[in-house]
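Colleague: Before I use any of these terms myself, I would like to hear how each one is justified. Could you take me through them with the model in view?

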Amino acid sequence: MITDLQSGELPAELSTDVCIIGAGPAGISMALELTEGQLADGQRDVVLLESGGEDYDVRTQALYEGPNIGRDYYPLRHDRIRYFGGTSHHWGGWCVPLVPGDLDFRDWVPDSGWPISWAELERFYPRAQELCELDRPDYDPYAWLEPRFPLLPLNGELLEHYLYKWSPADQNRPPTHFGRVYRDRLAAAERLNVVLHANVTDFECNDAVDHVDTAVVRSLDGNELRVKAKVFVVAAGGLENPRLLLAANGQNPAGLGNDRDLVGRYFMEHLEGVLGHILIDDTDAARWLASYEKRIPEGERLDISAAIRPTFGFQEERQILNAGLVLRSQVDQNSGYVSAKRLALSLKGEGQSNYASDIANVLTDLDEVALWIHHRRAGTNYEFPVTKEPVKIWVNSEQAPNPDSRVMLTDERDELGMPRIALDWRVGAIEKKTLIDSAELLSGEVARLTGMRVELAEWLVDGSDIMPTSEIYGGHHHMGTTRMSDSPQTGVVDSDCRVFGLDNLYIAGSSVFPTGGYANPTLTLVALAVRLAGHIDTRLRADV
Ligand SMILES: Cc1cc2nc3c(=O)[nH]c(=O)nc-3n(C[C@H](O)[C@H](O)[C@H](O)COP(=O)(O)OP(=O)(O)OC[C@H]3O[C@@H](n4cnc5c(N)ncnc54)[C@H](O)[C@@H]3O)c2cc1C
């Protein structure tokens, strides 16, 4: 069922088996796992507490306000969304799993290495795939691309192909919005109570502060609720998870799980931007690049695209990080039909358009827009034109864990009296080296295989460590702030995602990633949420 703290009809206290805080992809995936399917016979009572309602509202969103005090970053108020469904209201739907090497300890990357194996994580991707609506589970580009789209025969010792999938979006809907897609199932789940307008502001623990007794919950209009549970899961997003632990400092001044001052540290992003352009002067060579465009393969319902990354052999030789390299003709974002799609979605309130530039693109590209409409009506796929415009090399690159890159509490308070956070995002020299070496490697291979020349961005080859914030920015991925580790000396949660020092407090979300790899985080954080649901189920069955 779905209830609302603002209604004033809830009792002052709820008791449950599992209390999940936050109804974004992580929290919703856990709630579904525990109340539907294989785990449902555990007969668990679950309360899912969500700060927002079913729609965006400015007052709730303002609870996310906070300053950036490090590298330029997006306003924290806008870089996540605070209502039912969480930031999946805003995401791009890019999905790809991590690869085995991403979890390994790499001696040239301090604090790298996950405490769980690839085999352990891999088991949960198929279910995460389903939850993100990604259809067939494989990520081999050759299994998705039609033969008429050949890939460059890259030197496999240095570079390898991988596949991006986009959770399905079309003119009627954005990529999987967890709130909208799963609303009815959550409402129908017998032993689940989703409480809206329910902001967790504090936790009360036992005297030893090693067990959470109660989540203290408030609505913006002053209603209060106390939730008692056997197990608590904080799933409030990569910036808010550390905030909740740090702000719960009434019994332990350091906050929860923070005896070693690690909560909020190691904030990581993915570095995104354009590294250069492939200059096209020959249509035959350009046809190769058409294979890397985003497209919906025949008979499928989601977009895919092939992309390229340096092998771990190359990363080790150059002592660099992982990096996804995406090739895109200019047609991608600025073409008339992409703009027309974006406008249509935005007018329905389901996406965001920059109206001025989108309308200009539609007007200057009417032939493409007409083609797109024709194909939509006919139910056939629209093929991207082979372009002779320069092709962008776009990057989605890993960051090294750095304890000085961090989220911390400030003296300012939000409307509920909770301390606001500040983000001090840091980027170092290894990140720039990763971009330079990956771009140069790809340029060499493109020139060798197609004869096409690559022009790298000036800032990339200027010999400095500087990465202009106008050129290289974050991917809106908030990772590492409650990192997973084998030891409380080096992490906040253990390999089960349980906060060290507290026997019933768990974290779900990308804040537990010890390193971020090259992959957009949501598919992996959903896989970890599914894994955590299984762990909690096993634990509660053993407790009985
Ligand atoms: C513009 C943009 C594009 C993106 N594109 C992609 C992409 O293409 N691919 C990808 O993998 N990822 C992408 N992401 C990241 C993706 O959105 C996040 O990884 C994902 O939403 C995180 O899920 P989550 O459940 O951990 O957190 P969230 O989605 O942030 O959900 C957290 C939930 O907790 C609630 N909450 C917060 N505080 C409290 C509290 N105190 N009490 C109760 N509830 C609370 C919030 O209201 C929210 O519903 C993008 C993000 C942005 C901003």
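Modeller: What follows takes the terms one by one and sets each value against its definition.

Modeller: This is a predicted model, in which local features need pLDDT of at least 70, side-chain atom pairs count only at pLDDT 80 or more, and totals for chains, interfaces and linings use all residues. Residues are numbered from 1 along each chain as its sequence is written, and side-chain values use heavy atoms, with hydrogens and water left out.

Colleague: Why does His477 count as buried or exposed?

Modeller: His477 has 10% relative accessibility, and buried means under 20% relative accessible area, with over 50% called exposed and partly exposed in between (1.4 Å probe, protein chains only), so His477 counts as buried. Of the 544 residues of the protein, 58% count as buried.

Colleague: What makes a residue a contact of His477, and which residues does His477 touch?

Modeller: Contact means heavy atoms within 4.5 Å. Not counting residues up to four places away in sequence, His477 touches Tyr73, Phe267, Met268, Glu269, His270, Glu272, Asn520 and Pro521. The place of His477 is in the loop between the strands β17 (472-474) and β18 (505-507), where strands (E, at least two residues) and helices (H or I, at least four) are DSSP runs numbered from the N terminus.

Colleague: What makes the approach of Glu50 to the ligand a polar contact?

Modeller: A polar contact is a pair of N or O atoms within 3.5 Å; within protein, one must be able to donate a hydrogen and the other to accept it, and residues adjacent in sequence count only if both atoms are side-chain atoms. A polar side-chain atom of Glu50 lies 2.6 Å from an oxygen atom of the ligand, while a polar backbone atom of Ser51 is 3.1 Å from a nitrogen atom of the ligand. Within the protein, the side chain of His477 reaches the backbone oxygen of Gly475 at 2.9 Å.

Colleague: How many residues surround the ligand, and what makes a residue count?

Modeller: A residue counts if one of its heavy atoms lies within 4 Å of the ligand. There are 35 such residues, and the closest are Glu50, Thr87, Gly92, Trp94 and Thr522.

Colleague: Why does the radius of gyration of the protein agree with a compact globule?

Modeller: The radius is taken over C-alpha atoms, and the globule rule is 2.2 Å times the number of residues to the power 0.38. For 544 residues a compact globule would have a radius near 24 Å, and the protein has 23 Å, so the two agree.
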